[in-house]
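Student: Could we go through this structure together, with the reasoning behind each label spelled out?
Tutor: Happily; let's look at it first.

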Amino acid sequence: MTLAASLRAIVGDTHVLERAAELLVYESDGLPGYHRTPSLAVFPANADEALAVVRTLASAGVPYVPRGAGTGLSGGALADGAVLLGLHRLKKIIAIDPERRVARVEPGVVNVSLTKAATKFGLHYAPDPSSQTACTLGGNLAENAGGPHCLKYGVTLNHVVAAKVALPDGTVVELNADDSGYDLLGAFVGSEGCFGTALELTVKLTPNPERVVTLLADFTSIDDAAQTVSAIIAAGILPAALEMMDRATVGAVEASIYAAGYPTDAAAVLLVEVDGAAAGLDEDVQGVDRICRAHGARDVRIATEPAARAKLWQGRKKAFGAMGRLAPHLVVQDAVVPRTKLPSLLAQISAIGAANGVQVCNVFHAGDGNLHPNIPYNANDRDEADRVHHAMVAIMQACIDAGGTITGEHGVGLDKLRYMDALFTADTLDGMCRLRDVFDPDRRANPGKVVPIRYCRERRPNTQMAEGGRRMADATGGQL
Amino acid sequence: MTLRPASVAELASVITDAAAARRGLRLIARGTWLDGGAPVSADAEPLYLDAFDGIIEYEPGDLTITVGAAMSVAELDAATAQHGQWCPLAPWGGDDGSVGATIATATAGPLAHALGLPRDLVLGVECVDGTGKTLRPGGKVVKNVAGFDLVRLMTGSWGSLAAITRVSLRLRARPAVDETWLVVTDAAADLCQRLRRSVTPPIACEVVTRGTLGANSPDGLLVRLAGNAAYVAAARDAVHGAGDAQRADASAWTPVRTAARPQATRAMLDPAVRALNDGVKHAFDPSGILNPGIMG
Ligand SMILES: Cc1cc2nc3c(=O)[nH]c(=O)nc-3n(C[C@H](O)[C@H](O)[C@H](O)COP(=O)(O)OP(=O)(O)OC[C@H]3O[C@@H](n4cnc5c(N)ncnc54)[C@H](O)[C@@H]3O)c2cc1C
């Protein structure tokens with residue numbers, strides 16, 4: 001039997017794609033400018049089928065790439081000649097336990113669906129990537145996704161309690177946050193599909209806050225806005241979210257159907273959300289208002305009603321979409337700097353953009369120092385694509401020089417491999433490879449991602465494969 | 001000859017030599033909890049890490065700090081307090097132990113429920129693994145997904161994979177108001193659950209038994225309320241509504257944190273997870289020389 005035939009026997013004829021025209025959809029993810037064609041694509045319906053697929057791929061020794069919704073922005077879900085293992089059909093919310101405030105879900109559940117399902121219990125799933133209406137919880141786990149409200153509530157890592165994982169060799173392991181032994185769940189979160197496939201997740205649900213207030217402050221200088229961010233954090237106020245948008249972003253939003261009524265003549269706006277117990281909230285709102293004005297805000301709008309708050313958020317949530325209208329392609333960049341470095345980084349980014357003749361639009365999680373300098377461009381214009389590339393390399397280097405990192409939430413994938421050795425020593429990268437080899441000694445799961453292969457010591461296939469094989473035999477009672 | 005390396009390079013050569021000779025090493029920072037709840041083989045040679053001390057980088061506006069692993073939790077607390085900040089580690093056992101050991105053992109404390117476990121607070125480490133390689137995963141920024149997460153791997157690895165020499169941590173601003181109350185009750189565990197789920201949860205609450213807080217102190221719940229004045233006022237009302245509440249001094253937490261705690265029984269791992277654990281140990285300490293025996 002061919003591999004495709006074996007897979008069809010598991011998932012049914014219509015859920016294996018082989019023809020070039022059908023695979024076209026899966027050539028890219030959210031990152032523009034990259035196209036990689038999988039050898040075939042397979043879409044299991046449930047965890048049992050997914051496991052059978054993983055085991056079939058293991059016995060065939062075939063590389064594969066897990067994929068959720070394909071919204072990733074670093075090329076993580078691209079499969080270059082490998083089998084694409086699509087998980088979006090595994091979208092069952094298995095159980096919500098309002099008492100323990102946890103949910104058990106399949107990996108293909110769309111982020112926002114969980115929050116919708118938890119609403120009736122007064123709960124929500126806190127990590128809220130801007131792509132939350134499309135991205136999957138499995139993809140979130142694999143990328144350790146963040147979002148605006150992660151400033152106060154923490155990123156995916158802080159909300160995952162357990163994961164049932166199919167290791168690349170077909171062994172199933174249940175990783176729990178409170179396991180004795182090493183923090184393998186912590187190691188798995190953010191492993192970008194390279195350590196195996198999550199078949200089931202248990203995540204925390206967070207009680208909805210008693211009260212929420214959203215503020216929009218507008219500034220005539222981006223530097224003032226950046227200083228305000230540090231001042232709010234330093235004052236001991238921990239907003240639920242603290243987001244910044246610059247003039248270019250505001251302009252794009254206001255020219256789109258997502259217009260939120262942002263002041264288009266502002267150099268930057270801050271969107272600040274304060275939430276929690278009603279008691280003490282006004283003090284924080286007043287504190288934010290005062291700090292914004294003391295740092296030169298022209299105006300501070302305060303929204304307390306859900307509709308008014310939603311309107312203020314709409315522009316932020318749809319900012320990428322609005323920017324997408326400016327040009328055929330959009331690079332959504334992601335880096336983090338220490339918070340006190342924001343003002344100088346924003347100035348450097350603007351200078352780098354000007355020097356390369358490209359328009360940088362900044363819209364980002366300012367409270368965390370998590371920058372998203374985005375550039376709308378035309379990827380088919382060779383000269384423009386080169387200038388965008390140069391600008392991005394310079395911006396990443398500036399972030400590294402400022403003591404920051406090359407990705408705060410979008411992952412390394414393919415796109416950021418080139419920056420890894422500017423950030424980490426060869427020994428550190430080798431250590432990362434050693435960890436990967438524990439989970440995937442054959443190096444078949446999402447190969448070629450995250451750590452440049454030249455930093456990975458040559459593996460000794462014989463002993464390691466033997467170990468992997470033994471592990472699988474143990475776990476399956478030798479049934480395979 | 002005492003093994004007391006003065007630099008990361010010296011530490012790396014000590015470990016490399018020990019690995020070549022397959023000589024066990026017992027990592028010691030401040031030596032306050034040497035058995036760490038699990039015995040290290042008796043013949044392991046002490047390796048003192050106290051040279052890796054002090055503040056390496058602290059820019060208060062970033063709300064992050066990088067310190068030498070042997071710095072005590074008390075010193076970290078004092079240094080950050082000067083800027084109205086703190087790292088809410090407050091581990092069980094008290095503040096004499098080192099920051100490095102707190103991370104290495106992932107020792108939480110009464111604040112963890114509200115303010116995060118060690119794995120949530122650590123941003124980056126520098127460490128020398130059992131092959132003598134120096135690793136610097138993570139960083140000093142508060143969000144970071146660059147590369148596979150060796151930081152989480154080292155946190156809670158009990159010094160069995162690497163000797164940690166530096167730790168970068170997330171800080172918070174100290175709350176404007178911070179009060180401790182003792183609620184006298186014999187239904188303390190229930191009250192604790194109830195307060196944690198209230199709209200004004202405390203940052204810590206722990207059941208205390210008679211005598212824990214001094215001769216004749218009653219059974220009850222020790223509660224720590226923190227936030228701005230209006231929040232704490234509301235939280236205080238909730239606590240008063242729950243029973244006979246007496247104001248206590250912040251020092252009441254010391255006996256609670258240092259009291260002997262029942263050792264968590266280590267659950268048996270599933271064989272496949274056990275195999276992954278063995279694989280990790282083998283990948284970072286193939287000669288089995290770092291804190292031999294400590295992970296069981
Ligand atoms: C408009 C827009 C806004 C965005 N905003 C944010 C944001 O605010 N914050 C943020 O963090 N990200 C954001 N992203 C990026 C992206 O949405 C996230 O990385 C998301 O977590 C990816 O989920 P996905 O289901 O689309 O995963 P995919 O893109 O399909 O896959 C991403 C990675 O996860 C792996 N993977 C997927 N499922 C599994 C599984 N079950 N087991 C193991 N590995 C798996 C893949 O192999 C791949 O490496 C945004 C993207 C877009 C397009």
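Student: Thanks! Why is C205(B) called buried?
Tutor: C205(B) has a relative accessibility of 2%, and buried means under 20%, so C205(B) counts as buried. Do keep in mind that this is a predicted model.

Student: And what makes C150(A) buried or exposed?
Tutor: The same kind of check applies. The relative accessible area of C150(A) is 5%; with the cut-off for buried at under 20%, C150(A) is therefore buried.

Student: Why is C150(A) not bonded to C135(A)?
Tutor: The closest cysteine sulfur to that of C150(A) belongs to C135(A), and it is 11 Å away. A disulfide needs sulfur atoms within 2.5 Å, so this pair is too far apart for a bond.

Student: Then how many disulfides does the structure hold?
Tutor: Over all chains there is one disulfide.

Student: How do you know that C433(A) and C456(A) form a disulfide?
Tutor: Their sulfur atoms are 2.0 Å apart, and the limit is 2.5 Å, so the pair qualifies as a disulfide. In general, such a link is a covalent bond between the sulfur atoms of two cysteines.

Student: What does this disulfide tie together?
Tutor: C433(A) sits in helix 16 of chain A, while C456(A) is in the loop between helix 16 and helix 17 of chain A, so the bond joins parts 23 residues apart in sequence. Both cysteines are buried.

Student: Why is the disulfide of C433(A) and C456(A) called left-handed?
Tutor: Because the torsion about its S-S bond is about -45 degrees.

Student: Let's turn to the two chains. What makes K133(B) and D430(A) a salt bridge?
Tutor: Their side chains meet with N to O at 3.6 Å. The cut-off is 4 Å between a Lys or Arg nitrogen and a carboxyl oxygen of Asp or Glu, so the pair passes. Five salt bridges are found across the interface of chain A and chain B.

Student: Which element of chain A gives the most to the side that touches chain B?
Tutor: Helix 16 of chain A, with ten residues. That side of chain A is made up of 33 nonpolar, 24 polar and 20 charged residues.

Student: How many residues are in contact, and what area is buried between chain A and chain B?
Tutor: Chain A has 77 residues in contact with 56 of chain B. The buried area is about 5300 Å², with 61% of it from carbon and sulfur atoms.

Key:
Residues numbered from 1 in each chain as written. Chains lettered and ligands numbered in written order. Predicted model: local features only at pLDDT ≥ 70, side-chain atom pairs only at ≥ 80, totals over all residues. Heavy atoms only, no water. Contact = heavy atoms within 4.5 Å. Buried area = accessible area lost by both parts, 1.4 Å probe. Helix = DSSP H or I, 4+ residues; strand = E, 2+ residues; numbered from the N terminus. Nonpolar A, V, L, I, M, F, W, Y, C, P; charged D, E, K, R; others polar. Buried < 20%, exposed > 50% of the residue type's maximum accessible area, 1.4 Å probe, protein only.
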